[in-house]
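User: I would like to learn how to read the features of a model like this one, step by step. Could we begin with the terms that a cavity lining calls for?

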Amino acid sequence: MKKTEMAVKGKPKPKPKPVLWVATPQRLIAIDMSKLKINHYDSPKFEVLPLPLFNMLNLAKKDFPFGMSCFVRDSKLYMVGGEKPKPGASPLLFPRQPRKVGHDKSFGDRGLSPYVYVSDLSNLITCGLDLRKHHTPMLGAKPIPIVEEIEGKIYVLSGTPWQAECLLPVPTFEVYDPSIEQWKPLPEPPFHEERWPSSQIYKVIYHSVVGTTIYVLALSDRDYSDYYYSYNVNEGNWKLVGKSVDKLPVPYPFTPLCVGKFVPAYNDIFIYIQFDRVYAAMIHSNDKSSPTRYQHLDEVDGDLLNRDVPSIKGVVVELGEHEMCIMQPGITDSEHDKLGPCCSILYITTFKVEKLLHSSSSSQARGLKILKTTDASDVSQTSSHHDNDVQDIRAPFLSITCLSKGFYDLDAWGPEAPHICSAFFHQFNRYERGVFANINFRLVTWTTF
């Protein structure tokens, strides 16, 4: 026994294992980031590569709800909400024809799930694959939930169900306090509260979080138009902001129309996706007199643009102090010859972000044209106008080094459209008894669809 232990100790320790976790409506996928490559679209050797998986849990086959979202806390993965198709229904059919399949009315609340499932993320071999029901379910079932952590508490809001057969269970909005392991109901959002008795339309489109405020773009029953709403966790009440993004008191990149994250090393550099383009914004939150500056990250999205790939809302993930990741799913058109016709694909790029010297110098000294934004109304809501403004900034303030980029096929994704419910990164950096342990993780803002 001692000889065996000596042999194990004598072996060189393996390098840390970086893993990118992605929750889709039907699967929990672990991507081995050490196998991501630089695969330029215009290269003669270009090919659509298989997604390098470390692990994959088929949630549908394991009888878990469809469309759960997740959060990470204290080295544990929590998956919440979702919908349960009828017993025996094909998991391939529900995302395509949910009304025809219907819900398992014996599960949860008429087929909608209030349950929370948890997995221990301390072991690379079993993490994500050992989901078990948590002893504290939510107070109300929530399909396709929006999940955000704000000031140490977990806020969960009902999203848009795949199959709306009746009014949503209440509360549709609640908060979890991990310190006491309790859920608390919160005020009903107007877009869930204002339902006519005959209405079965729920449409939560996009959301964002700025400080302690949640912004939501949702469909209203009043005139079937999209409205912006806000909820401040300290004030504890919902407010109708209006129809126009101009009404939001935040810079354009922070609105629900964009998805982004701050670079951990810098408290003023925000990386975000607007449609299929990737930008950086230098936002001086403590100095409103300083203009917000923008830079189009062509190094990041250059391979993605103009590829005839209608994109679905992507995600931005923090990988380290200076490293970021963009994941942009999409479906090719019927005549795409290089990526393949009508294929689900995933564009992944990882990159390092560093400020250039004197990036905060005055625009006059450097001869730059800088787009000034002290509130959201200064930034155009249309992508074309916003693109022109960004292109007018002739000198970058960031240096971007691509670590990997390429298109990957989604055979492992499942038959549904390639939506991302949640995504997060963690790294196993210690080797114990033959397995990696002790992770560092970073979380990404969840998307809705």
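Analyst: For a lining, residues are sorted by type: Ala, Val, Leu, Ile, Met, Phe, Trp, Tyr, Cys and Pro count as nonpolar, Asp, Glu, Lys and Arg as charged, and the others, Gly among them, as polar. With that sorting, the lining of the second largest cavity in this predicted model divides into 7 nonpolar residues, no polar ones and 1 charged residue.

User: How is empty space of this kind found, and how many cavities of 30 Å³ or more does the whole structure hold?

Analyst: Rolling a probe the size of a water molecule over the atoms shows where empty space is left. Here the search of the whole structure finds 3 cavities of 30 Å³ or more, and the second largest holds about 40 Å³ of space.

User: Which residues line the second largest cavity, and which strand gives the most to that lining?

Analyst: The second largest cavity is lined by I146, E148, Y155, V156, L157, F173, I214 and W238. Strand 9 (146-150) and strand 10 (153-157) each supply at least two residues of this lining, and strand 10 gives the most, with 3 residues.

User: Before going further into single residues, what does the confidence say about the model?

Analyst: Confidence is given per residue as pLDDT, on a scale from 0 to 100. The mean pLDDT of the protein is 78, and 74% of its residues reach 70 or more. Two stretches call for caution: pLDDT stays under 50 over residues 1-8, for which the model has 0 contacts beyond four places in sequence, and pLDDT also stays under 50 over residues 430-449, for which the model nevertheless has 85 such contacts.

User: How many helices and strands does the protein have, and what share of its residues is buried?

Analyst: The protein has 6 helices and 26 strands, and buried residues make up 56% of its 449 residues. Among contacts between residues at least 6 apart in sequence, 60% join residues at least 24 apart. As for the surface, the protein exposes about 19900 Å², of which carbon and sulfur atoms supply 49%.

User: Turning to backbone geometry, where does a cis peptide bond occur, and which residues have a positive phi although they are not glycine?

Analyst: A cis peptide bond joins V170 and P171, with omega about 0°, and P171 lies in the loop between strand 10 and strand 11. A positive phi of about 50° is found at D74, which is not a glycine, and E151, also not a glycine, has a positive phi of about 50°. D74 sits in the loop between strand 5 (69-73) and strand 6 (76-80), while E151 sits in the loop between strand 9 and strand 10, the two strands that each supply at least two residues of the cavity lining discussed above.

User: Are D74 and E151 buried or exposed?

Analyst: The step of reasoning is a cut-off, since exposed means over 50% relative accessible area. D74 has a relative accessible area of 60% and is therefore exposed, and E151, at 59% relative accessibility, counts as exposed as well.

User: How do I read S179 and D298 by that measure?

Analyst: S179, in the loop between strand 11 (173-177) and strand 12 (182-185), counts as exposed because its relative accessibility is 64%. The C-alpha atoms of S179 and G152 are 8.9 Å apart in space, although the two residues are 27 apart in sequence. D298, which belongs to helix 4 (residues 298-301), has a relative accessible area of 45% and so is partly exposed. Between D298 and R277, 21 residues apart along the chain, the C-alpha separation is 8.4 Å.

User: Among loop residues, what can be said of F64 and M33, and what do they touch?

Analyst: Buried means under 20% relative accessible area. F64, in the loop between strand 4 (53-58) and strand 5, counts as buried because its relative accessibility is 14%; leaving out residues up to four places away in sequence, F64 touches L59, K84, Y117 and L131. M33, in the loop between strand 2 (27-32) and strand 3 (49-50), is at 12% relative accessibility and so counts as buried. Apart from its neighbours within four places in sequence, M33 is in contact with P18, V19, L20, L319, T350 and F425, and the C-alpha atoms of M33 and L53, 20 residues apart along the chain, are separated by 8.8 Å.

Definitions and conventions: Residues are numbered from 1 along each chain as its sequence is written. This is a predicted model: local features need pLDDT of at least 70, side-chain atom pairs count only at pLDDT 80 or more; totals for chains, interfaces and linings use all residues. Side-chain values use heavy atoms; hydrogens and water are left out. pLDDT is the predictor's confidence in each residue, from 0 to 100. Contact means heavy atoms within 4.5 Å. On a 1 Å grid over the protein atoms alone, a cavity is a set of points where a 1.4 Å probe fits but cannot get out, and a pocket is an open set with protein on both sides within 12 Å along at least five of seven lines; lining residues have an atom within 4 Å of a point. Grid points are joined across faces, edges and corners, and a volume is the space filled by probe spheres set on the points. Helices (H or I, at least four residues) and strands (E, at least two) are DSSP runs, numbered from the N terminus. Buried means under 20% relative accessible area, exposed over 50%, partly exposed in between (1.4 Å probe, protein chains only). Accessible areas come from the Shrake-Rupley method with a 1.4 Å probe; for residues, only the protein chains shown count as cover.
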